[in-house]
Amino acid sequence: MPPDPGSMPEESRLRMDEWPILHTRRLLLRRFRPEDAATVQALAGDRDIASTTATIPHPYEDGVAEAWIATHDQAFRDGKSVILAITLPPTGELIGATGLEICTEHRRAELGYWVGKPYWNNGYCTEAAGAMLEYGFEVLGLDRIFAHHFTRNPASGRVMQKLNMKHEGHMREHLLKWGVREDLEIYGILRTDPRPKPNLIHP
Ligand SMILES: CC(C)(COP(=O)(O)OP(=O)(O)OC[C@H]1O[C@@H](n2cnc3c(N)ncnc32)[C@H](O)[C@@H]1OP(=O)(O)O)[C@@H](O)C(=O)NCCC(=O)NCCS
C-alpha cells in the first residue's frame, strides 16, 4: 500500500507535488514522455546496459519502454519514485535515465542510473546523479541515499566515489543475473555528509 500522505506526520511527508526539471551545467533532467520510448528502447536495448543493471531486460522488446514510462507518474504521485530523463540541451537529445526509489518512512532512497553507451565517460552520469542527490536532500528532504553496483562494474563505482558516496559494504552473491550469482558493492551518503559542490543551476 502506498503511504497515505494525509495520515503521515508533517515531518515525514516528502515534497512530491510537482515533477522537477533539474538544470546542471551541461544537462537538463526532466520527466519522461511517451515519445521518448523509441530512444529508450534503442539505448537501453544495448546488451552492455542490461548486463550491469538488476532489472533492465534483454532483449528489450517492443512496448517495454512505453509500459515503463507509463508507470512513472503514479509512482511519483504515490511518493515511491522519481525517474528523470537525462537530456542534452539545446537539442534535447535523450542520453539516459536516473532515479530515486523512495522509502518515505525512513526518509531514504536508492539512487539508480544508466547512460547510453555512445555517451559514456563524459562525466554525464556523475553530473546527473549529483543533481538527483541535491534534489533528494534539498527538495525531498531525504536523510540518506544509497546505491548498489555489480562488483564487475567499476565505472558505476567510480560515479559513486565521485559523488562522495561512502563504500559501505560488499554483498557476496547478492543477485542472480542471467543465471550467474553476482557480488554487489553498496555505497551511501547522508544529508550531513559533505557533497561535491552542487551543480544544480536554479534558472
Ligand atoms: C555506469 C554508467 C552509468 C556510467 O556513466 P558515465 O556517464 O560513463 O559516467 P561518468 O562519465 O560520470 O563516470 C564514469 C567513470 O568511470 C570510469 N571508468 C569507466 N570505465 C571504467 C573501468 N572499466 N574501470 C574503472 N573506471 C572506469 C571513467 O573513467 C569515469 O571516471 P573518471 O571521471 O574518474 O575518469 C554507464 O557506464 C552505464 O550506463 N552502464 C550500464 C548501466 C549501469 O551499469 N548502470 C549502473 C547500475 S549500478
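At 46% relative accessibility, E101 counts as partly exposed in this predicted model, since partly exposed denotes a value between 20% and 50%. E101 belongs to strand β4. Its C-alpha stands 8.9 Å from that of G79, a residue 22 places away in sequence. When residues up to four places away in sequence are set aside, E101 touches K80, S81 and I83, as well as R108, A109 and E110.

A second strand residue, G169, lies in β7. G169 counts as buried, with a relative accessibility of 16%, because the limit for burial is under 20%. Leaving aside neighbours within four places in sequence, G169 is in contact with L184, E185 and I186. For one of these partners, I186, the C-alpha to C-alpha separation from G169 is 5.2 Å, and the two residues are 17 apart in sequence.

**The nonpolar core**

The largest nonpolar core holds 54 residues. Those that touch the most other members are L29, V40, V82, L100 and L111. Helix α4 gives the largest share of this core, with nine residues. In soluble globular proteins, nonpolar side chains tend to be buried together.

The surroundings of L111 can be described in detail. Not counting residues up to four places away in sequence, L111 touches T98, G99 and L100, then A129, M132 and L133, then I145, F146 and A147, and finally L163 and M165.

**Helices α1 and α5**

In α1, which spans residues 37-44, the buried residues are A37, V40, L43 and A44. They cover an arc of only 135 degrees around the axis, which puts them on the same side of α1. A38 and A42 are exposed on the other side of this helix. The buried residues of α1 pack against two helices, α2 and α3, and two strands, β4 and β5. V40 is thus described twice, as a buried residue of α1 and as one of the core residues that touch the most other members.

In α5, which spans residues 154-162, S156, G157, V159 and M160 are buried. Viewed down the helix axis, the buried residues of α5 fall within an arc of 155 degrees, so they line one face of the helix. An α-helix has 3.6 residues a turn, so residues three or four places apart point the same way. The packing partners of the buried residues of α5 are β5, α4, β6 and β8. N164 follows α5 and has a positive phi, near 70 degrees.

**Backbone features in loops**

Several loops carry distinctive backbone values, collected in the table.

| Site | Backbone value | Location |
|---|---|---|
| H58 to P59 | cis peptide bond, omega near -5 degrees | P59 in the loop between α2 and α3 |
| P89 to P90 | cis peptide bond, omega near 5 degrees | P90 in the loop between β3 and β4 |
| R107 | positive phi of about 45 degrees | loop between β4 and β5 |
| N164 | positive phi near 70 degrees | loop between α5 and β7 |

Neither residue with positive phi is a glycine: this holds for R107 and for N164. R107 is partly exposed, with a relative accessible area of 24%. N164 is likewise partly exposed, at 26%.

**The largest pocket**

The largest pocket contains about 1,200 Å³ of space. It is lined by 46 residues, and the closest to its centre are T52, T53, G112, Y113 and W114. The lining residues divide into 27 nonpolar, 14 polar and five charged.

Both helices and strands take part in the lining. The helices that each supply at least two residues are α1, α2 (47-50), α3 (64-77), α4 (124-139) and α5. The strands that do so are β4 (93-103), β5 (108-115) and β6 (144-150).

Some of these elements recur in the features described above. β4, an element of the pocket lining, is the strand that holds E101 and one against which the buried residues of α1 pack. α4 also contributes to the lining, supplies the largest share of the nonpolar core, and packs against the buried residues of α5. β5 likewise contributes to the lining, and the buried residues of α1 and those of α5 pack against β5.

Conventions:
Residues are numbered from 1 along each chain as its sequence is written. This is a predicted model: local features need pLDDT of at least 70, side-chain atom pairs count only at pLDDT 80 or more; totals for chains, interfaces and linings use all residues. Side-chain values use heavy atoms; hydrogens and water are left out. On a 1 Å grid over the protein atoms alone, a cavity is a set of points where a 1.4 Å probe fits but cannot get out, and a pocket is an open set with protein on both sides within 12 Å along at least five of seven lines; lining residues have an atom within 4 Å of a point. Grid points are joined across faces, edges and corners, and a volume is the space filled by probe spheres set on the points. Helices (H or I, at least four residues) and strands (E, at least two) are DSSP runs, numbered from the N terminus. Ala, Val, Leu, Ile, Met, Phe, Trp, Tyr, Cys and Pro count as nonpolar, Asp, Glu, Lys and Arg as charged, and the others, Gly among them, as polar. A nonpolar core is a set of buried Ala, Val, Leu, Ile, Met, Phe, Trp, Tyr and Cys residues joined through side-chain atoms within 4.5 Å. Buried means under 20% relative accessible area, exposed over 50%, partly exposed in between (1.4 Å probe, protein chains only). Contact means heavy atoms within 4.5 Å. The arc is that of the directions from the helix axis to the C-beta atoms.
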